[in-house]
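I sat down to look through this one from scratch and jot down what turned up. Here are my notes, in the order I took them.

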Amino acid sequence: MADLDPEVILSHEYVPKHEILKDKDVEKLLEQYKIESKMQLPKILSSDPVVKAIKAKKGDVLKITRKSMTAGEAVYYRVVI
Amino acid sequence: MSPKRRECLKKGVKVAIMSKNVEKRVELIKEYEGKLPKKVIEDALKIAETTKMKDLKKTMERAVEEYQKNLIQPGEAAGIVAAQSIGEPGTQMTLRTFHFAGVAELAVPQGLPRFIEIVDARRDPSMPIMEIHLKEGIREDKGKVIEFANRIEEVKLSDIAKIEEDFTNKQVIVVFDMKKLDGIELSFDEAKKIVEKNARRKAKEVGDNYLIFEPGFSTLKSIRGFKDKLAEVRLRGVPGIRKAAVLQEPDGTGYYLQTEGTNLKGVLVLPEVDASRVFSNNIREIENVLGVEAARNAILIEAKKVLDGQGIKVNPRHLMLVADAMTYDGEVKAIGRQGLSGQKASVLARAAFEETVRHLHEAAMTGEVDYLKGVTENIIVGQPIPVGTGTVKLIMKLGED
């Protein structure tokens with residue numbers, strides 16, 4: 001079956017907001033959490049439907065803004081592999 | 001707060017809103033974004049209009065203090081706490097699988113069996129279910145919703161026709177039940193066309209309500225195979241949707257569907273559905289169609305549903321940890337031998353878990369190195385474990401000022 005329309009995927013209630021992080025923001029993030037390499041971040045596959053929908057490439061760091069039932073909103077990061 | 005003001009508040013009298021400098025107070029609260037979670041900021045904004053600047057500042061400072069006090073400490077064994085916090089109430093979970101009363105509802109595995117299914121990330125849940133919410137304009141009209149439900153229910157040829165093989169003449173005879181055919185609003189000619197297309201050959205003989213096919217095979221086995229293939233021909237509906245029940249939305253805005261059998265992709269493309277609210281309980285399917293983050297959400301929501309259904313209260317933070325651990329590598333992994341525990345970096349940890357000899361054997365053959373970074377390995381070799389105070393790697397130089 002053909003791939004779904006990216007709009008449909010991104011508009012789904014279960015799918016949080018994914019953004020591609022700019023290079024300088026990636027550095028800031030690594031500095032903030034004292035991480036040596038971005039490969040230590042949680043991962044997301046390059047074949048992931050959302051990664052395809054937002055056209056992220058391998059090595060990009062995604063900022064994921066989740067709706068959280070405890071904090072209202074929570075930010076998470078994943079690196080595309 | 002002045003005593004007069006406090007009095008007013010106690011009596012429930014609406015406190016005069018201090019409209020002066022509201023912007024300033026809101027600004028003050030906004031400064032704390034990043035230091036406090038969004039929910040706390042939102043709560044603070046609610047009291048911005050009725051609180052004095054001085055009090056507000058104190059409140060915010062106190063909130064930050066409390067928030068930081070409640071953050072988890074570095075080195076805390078969060079996973080073990082989570083395991084215990086889910087495990088203890090889990091033992092009280094009854095094993096009964098109960099059925100809902102009424103006709104429309106479906107029998108769903110509940111309690112422990114369903115919880116194990118979620119944590120094991122099974123490819124096919126024992127009862128795949130979808131919840132389909134429809135667009136405005138359709139969901140209010142029960143007739144339209146029922147019509148839609150009928151349309152997506154999968155109907156196979158074997159559901160509405162009798163298929164028999166005639167071995168003497170090497171034929172397969174399809175006899176339609178005309179009443180049932182009428183029920184799915186399909187004419188005999190249309191049905192014939194669909195069947196012929198799928199069988200890849202024209203019917204040899206066409207009657208009022210029957211078709212005769214000559215598969216052209218001579219062995220019994222291939223004729224039986226042809227018959228089985230015909231039985232699976234789909235005349236209507238979305239593949240995988242076996243049954244669709246119409247239910248009332250709990251908020252009274254209309255009706256939604258609950259289906260037996262899932263096909264997230266097939267349903268999401270239909271124009272009638274509200275694509276943002278089509279849910280499946282098959283976590284692997286969600287992962288494939290909507291991505292890991294959606295799967296993480298699904299794990300969390302499904303697990304919470306099971307626990308709530310059994311009246312068990314578990315702090316959602318523990319479930320979040322489980323969901324995060326399961327999706328850490330970008331794909332949904334089970335907890336256990338096939339998943340997380342079986343893929344640990346340390347040989348000793350894997351050997352301690354299951355299949356000791358196999359793991360040690362393989363490690364020896366491939367020359368694996370154990371860096372003794374985890375808990376299990378360090379217990380085995382008798383060192384302090386890297387948890388709590390054991391995490392700290394500091395050497396104090398004595399005798400120097």
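Which element gives the most to the lining of the second largest pocket? I went for that first, keeping in mind that this is a predicted model. My entry reads α5(B), with six residues.

**Second largest pocket**

I noted about 1500 Å³ of space for this pocket. I then looked up its lining, which takes in 36 residues, and wrote down the closest to the centre: G79(B), I80(B), A325(B), L340(B) and K344(B). Next I listed the elements that give two or more residues to this lining, and they are α5, α6 (111–119), α14 (292–309), α15 and α18 (375–381), which belong to chain B. Sorting the lining by class, I got 25 nonpolar, six polar and five charged residues.

**Largest pocket**

On to the largest pocket, where I have about 2400 Å³ of space. I found 50 residues lining it, and those closest to its centre come from both chains: Y33(A), A74(A) and V75(A), along with Y67(B) and L71(B). So much for single residues; what about the elements? For chain A, I wrote down α2 (23–32), β3 (61–68) and β4 (72–80) as giving two or more residues to the lining. For chain B, the entries are α3 (38–47), α4 (53–70), α5 (78–91) and α15 (316–327). The class split here is 23 nonpolar, 12 polar and 15 charged residues.

**Cavity**

I also checked for closed-off space. The count is one cavity of 30 Å³ or more, and I have its volume down as about 50 Å³. Its lining is short enough to copy out: R114(B), E117(B), I118(B), A121(B), R122(B), P125(B), N281(B), N282(B) and I283(B). I see that α6(B) gives the most to this lining, with three residues. By class, I get four nonpolar, two polar and three charged residues.

**Chain A by itself**

Before turning to the interface, I took a look at chain A. I counted three helices and four strands, and reading from the N terminus I wrote the order as α-β-α-β-α-β-β. The C-alpha trace of chain A spans about 40 × 30 × 15 Å along its principal axes.

**Where the chains meet**

How many residues does each chain bring to the contact? I have 33 from chain A and 35 from chain B. The area buried between the two is about 2900 Å², and carbon and sulfur atoms give 60% of that. On the chain A side, I marked L4(A), Y14(A) and M69(A) as losing the most area to chain B, together 27% of what that side buries.

Then I went after the charged and polar pairs. I noted four salt bridges between chain A and chain B. I looked up one of them, E73(A) with K38(B), and its closest N and O atoms are 3.2 Å apart. For polar contacts across the interface, I got 15 residue pairs.

Which elements of chain A give two or more residues to the side that touches chain B? I listed α1 (6–11), β2 (43–44), α3 (49–53), β3 and β4. Of these, β4(A) gives the most, with four residues. My last entry is the class count for that side of chain A: 19 nonpolar, seven polar and seven charged residues.

Definitions and conventions: Residues numbered from 1 in each chain as written. Chains lettered and ligands numbered in written order. Predicted model: local features only at pLDDT ≥ 70, side-chain atom pairs only at ≥ 80, totals over all residues. Heavy atoms only, no water. 1 Å grid on protein atoms, 1.4 Å probe; cavity = no way out; pocket = protein on both sides within 12 Å on 5 of 7 lines; lining within 4 Å. Points joined across faces, edges and corners; volume = space filled by probe spheres on them. Nonpolar A, V, L, I, M, F, W, Y, C, P; charged D, E, K, R; others polar. Contact = heavy atoms within 4.5 Å. Buried area = accessible area lost by both parts, 1.4 Å probe. Salt bridge = Lys/Arg side-chain N within 4 Å of Asp/Glu carboxyl O. Polar contact = N/O pair within 3.5 Å; in protein donor to acceptor, adjacent residues only side chain to side chain.
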